[in-house]
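Trainee: Let's go through this model together, and please give me the cut-off behind each label.

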Amino acid sequence: MTAYAGQLYDTIVCFGDSLTQHGWDVTKHGWTAQLAQTYLRKLDIVNRGFSGYNSRHGCILLPQILPPEEDPNEEDNGSQLRLVTILFGSNDAQFAPYKAHVPLSDFRANIDFMVRSVKSATHSKRTTTRLVLITPPPVAPEPFALSQAAKGMPVDRSSEVTRQYADVVRDLAREHKVPCVDLWPAMESSPGDFVWDGLHLNAKGNDLLFRLLMQTVRDSFPELDPEAIPFVVPHHEQLYKVKEDSIEQSLRLS
């Protein structure tokens with residue numbers, strides 16, 4: 001099969017479980033959908049969220065998602081991976097012996113592997129791949145219990161357990177000196193305001209995550225501030241000011 005060569009934009013990859021997969025849900029102000037709007041015509045947002053997956057699955061998938069090692073002898077003019085977000089932990093924190101459960105020590109090793117994988121990936125000659133970790137959010141006990149009961153399923157998660165997994169994410173962010181979006185300070189006192197089923201983000205929760213992520217990006221990686229990134233190809237008002245014999249050159253991507 002011929003490889004697709006039509007990638008215009010550098011990319012941001014959002015990697016995680018259902019909290020990322022559902023980020024495309026515009027009916028709930030999905031946070032990755034908001035990213036796509038914010039970086040429109042500047043960067044592509046690639047949603048690699050996998051509902052029900054845990055960090056063990058993520059360790060298998062991530063090396064396949066990261067770009068292949070570059071040949072230093074080849075010209076560097078392709079699409080570049082500018083930022084990766086990683087959000088796991090809500091499924092890992094399922095009570096043992098349920099299938100999604102990952103012991104805390106294994107979860108730490110898995111997230112550590114992901115961070116090291118992103119940081120050690122061969123960087124482009126043009127740019128460096130940035131990384132942001134995101135904590136799994138608290139569980140809202142009453143709506144979660146109702147949601148589980150409606151599906152004929154037991155309560156298999158709690159904020160008390162999930163907090164331990166969020167702590168691991170914070171610790172690893174400090175250890176590796178990478179920024180962390182911490183959802184707990186805003187959500188902990190009233191998590192039911194931010195989730196629709198006790199676990200997954202509603203519109204208010206997605207707005208919160210998007211706002212905190214953009215604040216983190218602007219503070220930690222100012223080169224990725226959307227206001228600092230030009231359109232890949234000219235705005236139409238600029239394009240129509242170009243002489244006819246120069247339009248083709250204006251629309252060349254490299």
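Trainee: What makes the start of α3 a place with a polar contact?

Mentor: First, a caveat: this is a predicted model, where local features need pLDDT of at least 70, side-chain atom pairs count only at pLDDT 80 or more, and totals for chains, interfaces and linings use all residues. Residues are numbered from 1 along each chain as its sequence is written, and side-chain values use heavy atoms, with hydrogens and water left out. Now, a side-chain oxygen of asparagine 54 comes to within 3.0 Å of the backbone nitrogen of arginine 56. A polar contact is a pair of N or O atoms within 3.5 Å, one able to donate a hydrogen and the other to accept it; residues adjacent in sequence count only if both atoms are side-chain atoms. So that pair fits the definition.

Trainee: How do you know that the buried residues of α3 line one face?

Mentor: Ser55, Gly58, Cys59 and Leu62 are the buried ones in this helix, residues 55-65. Buried means under 20% relative accessible area, exposed over 50%, partly exposed in between (1.4 Å probe, protein chains only). Down the axis of α3, they fall within an arc of 105°, so they line one face; the arc is that of the directions from the helix axis to the C-beta atoms. Ile60 and Gln64, on the other side, are exposed.

Trainee: What do the buried residues of α3 pack against?

Mentor: They pack against β1 (10-16) and α4 (104-120), with contact meaning heavy atoms within 4.5 Å.

Trainee: Why is alanine 149 called exposed?

Mentor: Its relative accessibility is 53%, so alanine 149 counts as exposed. Alanine 149 sits in helix α5 (residues 141-150).

Conventions
Helices (H or I, at least four residues) and strands (E, at least two) are DSSP runs, numbered from the N terminus.
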